[in-house]
Amino acid sequence: MIIKELELINFGKFNNKTVRFEKGMNIIYGENEAGKTTLHTFIRGMLFGIEKQRGKASANDIYSKYEPWDDPTNYQGKMRIEQNGKNYRIERFFNKNNKRFAVIDEDEGRELTEEEIDKLLSGINEACYYNTISISQLGSATSKELEYILKSHAANLGATKSMEIDIKEAFADLDKQRKKIMTDNKVSQEQEVERSLKNAIEKLEISENEQNNIAAGLEQKQTALEGVEEKHKEVAAKDEKRLERIAKQNERKDKLYQDALVFTADVEKYSTSLEKVKEHKAEIEAKLQEYKVSSREVLDGLVEKATKKSNFPFLFMILFLASLGAGVGLIVGNLDWNLIRAHWQLPAACFGGAIIFLVAAIIKYFYNKKRKAKNLEKLKEVRQVIEEQETAKHEEIYIERQLANKKEALEKTQIMLKAENDNEEGTEDFSDELKEVREKAMELKEQINRAQWQLEQSQERDIVTQNQIAELKETQANIMDAKREMEAIERAKEEIEEIADEIRNSFGKRLNERASFYMGKITNGKYDNLNIDEKLNITVNGKHSLVAANRLSKGTIEQIYMSLRLGAADIIFEDNEMPILLDDAFAMYDNKRMGNTMRFMSSEMNQVIMFSCHTREKVMADKLGLSYKLITL
């Protein structure tokens, strides 16, 4: 399988982040907090999902750590892989309320079934992933601790092929289960349980007889109560009709009272309006007296007279023409130019007078025009006052009519209201009879409630007894099941031991062979034979002698650890070569070890993805001339 592309749609610190890988060696470099761990976790999450923990653990679990803050519902991503020359797309939603997971065959454009998905991923599970193809450094453990880690790892590989079960822990767990089964299921109290069950059944039979007697008396009281309630309905129906009549009469009276209030308010309103109209009318008549216009006819005569009056200044125009004619006459009557020059003052005086009269005529024209417009405007104001007078007269007549109508309606309403008050409805009273019936009904209900309470108490006790019987029967069944489980546990221990021996003999031999192969490659032939014996002692064959793991350096133990994982991956995944993920796996390697390992992986591994916060891997790859893709975060 080849991982071709990661698409972190919304995961941790990344939003719509795409990372592409190639076959062979890929180096992902980034400083602390750059997102290397996020990418590594994303790959694991796309394969196996990420579950949210419960309780206090949920605050710091992986789900919460990488859940997007801005849009938690869009917690998802995609991963493209290549398997046997075909392209697939893994889609997964991580949100706890929407855990959609699908694998798409991009070449054929269809979604794979669950069986096809299992086949595609070679049945890989999360524990297998963490203990084979996902490799990180062992850390700062001591040599003794490292030896123990290797032994445990080898034991798990040899026992299960998937590192999910430790045989010693399995036996301890089975013994713990056997002890817990004996305690939880009260195997030693079997006779006591049978005796308690018999007593509980007898107690339940006695209670059922008592309940039958209570139920018979309860039925009689229920019948009596039904008769009393029927009587109450009859009396209540009569009283209800009386109350309906009273309610309807009160409704009519309320309506008449409201109408009277409305009419009274209208009378007051129209009376006030009439007074205001009369006052306004008097003000208008006073204005007309000031204008000395008694009627619309008089006004029309004044308007016609003012309109026909001319603005032309006849007097000044006559004087202008006379002066102009005199000046022209003096000039025409004396054609001798020398004489005109000697007596020029007279014609000039005539022409000057003509100009003065012409200017005066123009001024007089505009004065007359303005005065005429002013008079017409004043007459227009008078016309508006006369129109207001006529409007006030009409309004006075209208208000007087409305006032008369409202007074008449008020008088009629008061008469009708008095008639309703004089004719009161519903004098008959059923309150005493209703009270008597209610008291009888309450007495019967109290007796019924008391009987029901006794019956319920008895039934509740029966429920407790029935639950006790069910628990005792369940305990009996559990005791029998526990005996069978205890026998099954003993058989399981025997079978596990037999199966473990068989697996160690077959799988252990193959693991030694594959791990030795990788050990020889990454140590450049220094250690070419890795052996795990029956007691889980790990030794390596050097050039001169066998060396126990506890005598090796941390760097060499790291190489053994990697060889075991790579060897197990070969056996578990068989023909499906998986990508190898290295998370700062070379931290304990010196440059020589790292160079040998990188050279081998570059030439032999289908795909290697290295996560590192150092540039050592890049520098070493460049030094060795290895082909790789660098991804910088």
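Let's start with helix 13, residues 554-573. At 1.5 Å a residue, its 20 residues should span 28 Å, and the end C-alpha atoms are 28 Å apart, so the two agree. Remember that this is a predicted model. Now, is helix 13 enclosed or open to the outside? Of its 20 residues, 17 are buried, so the rest of the structure largely encloses helix 13. Just after helix 13 comes E574, with a positive phi of about 50 degrees.

That brings me to backbone angles. Most residues other than glycine have a negative phi. Two more residues here go the other way. Take N84. Its phi is near 55 degrees, and N84 is not a glycine. Where does N84 sit? It lies in the loop between strand 4, residues 76-83, and strand 5, residues 86-93. N84 is exposed, at 75% relative accessible area.

Next, D584. Its phi is near 50 degrees, again positive and again not glycine. D584 is in the loop between strand 12, residues 580-583, and helix 14, residues 591-604. Is D584 buried or exposed? The relative accessibility of D584 is 19%, and the cut-off for buried is under 20%, so D584 counts as buried.

Let me step back to the whole chain. There are 633 residues, and 37% of them count as buried. The chain has 15 helices and 14 strands. It exposes about 39,000 Å², with carbon and sulfur atoms supplying 50% of that. Now the contacts. Take those with a separation of 6 or more: 74% are between residues 24 or more positions apart.

On to the sheet. Six strands form an open sheet, in the order 2-1-4-5-6-7, with antiparallel pairing. Which strands stand at the edges? Strand 2, residues 14-20, and strand 7, residues 110-111. Each has a single partner strand, so one side of each is left without a neighbour in the sheet. Strand 1, residues 2-11, pairs with strand 2 over six bridges, in the antiparallel sense. For one of the bridge partners, look at L8: it is matched with K17 in strand 2.

What lies across this sheet? Helix 1 does: it crosses strands 1, 2, 4, 5 and 6, the last being residues 101-105. Helix 1 runs at about 100 degrees to strand 1.

Now the core. In soluble globular proteins, nonpolar side chains tend to be buried together. Here the largest nonpolar core has 61 residues. Which members touch the most others? They are L6, I43, M79, M562, L582 and M598. Helix 1, residues 36-48, gives this core its largest share, five residues. There is also a second, separate core of 16 residues, including L511, Y527, I532 and A549.

Look at L6 in detail. Leave out residues up to four places away in sequence. L6 then touches K17, T18, V19, F21, L39, F42, I43, K78 and M79.

Last, a pair of alanines. A224 lies in helix 7, residues 190-291. A224 counts as partly exposed, at 36% relative accessibility. How far is its C-alpha atom from that of A441? The separation is 8.9 Å, for two residues 217 apart along the chain.

To recap three points. Helix 13 is largely enclosed, with 17 of 20 residues buried. The six-strand sheet is open, with strands 2 and 7 at its edges. Finally, the largest nonpolar core has 61 residues, with five of them from helix 1.

Note on methods:
Residues numbered from 1 in each chain as written. Predicted model: local features only at pLDDT ≥ 70, side-chain atom pairs only at ≥ 80, totals over all residues. Heavy atoms only, no water. Core = buried A, V, L, I, M, F, W, Y, C linked by side-chain atoms within 4.5 Å. Buried < 20%, exposed > 50% of the residue type's maximum accessible area, 1.4 Å probe, protein only. Helix = DSSP H or I, 4+ residues; strand = E, 2+ residues; numbered from the N terminus. Contact = heavy atoms within 4.5 Å. Areas by Shrake-Rupley, 256 points an atom, 1.4 Å probe, with all protein chains shown as cover. Pairing = 2+ DSSP bridges. Axes fitted to C-alpha atoms, helices over the stretch in contact; angles between N-to-C directions. Expected span 1.5 Å × (residues − 1).
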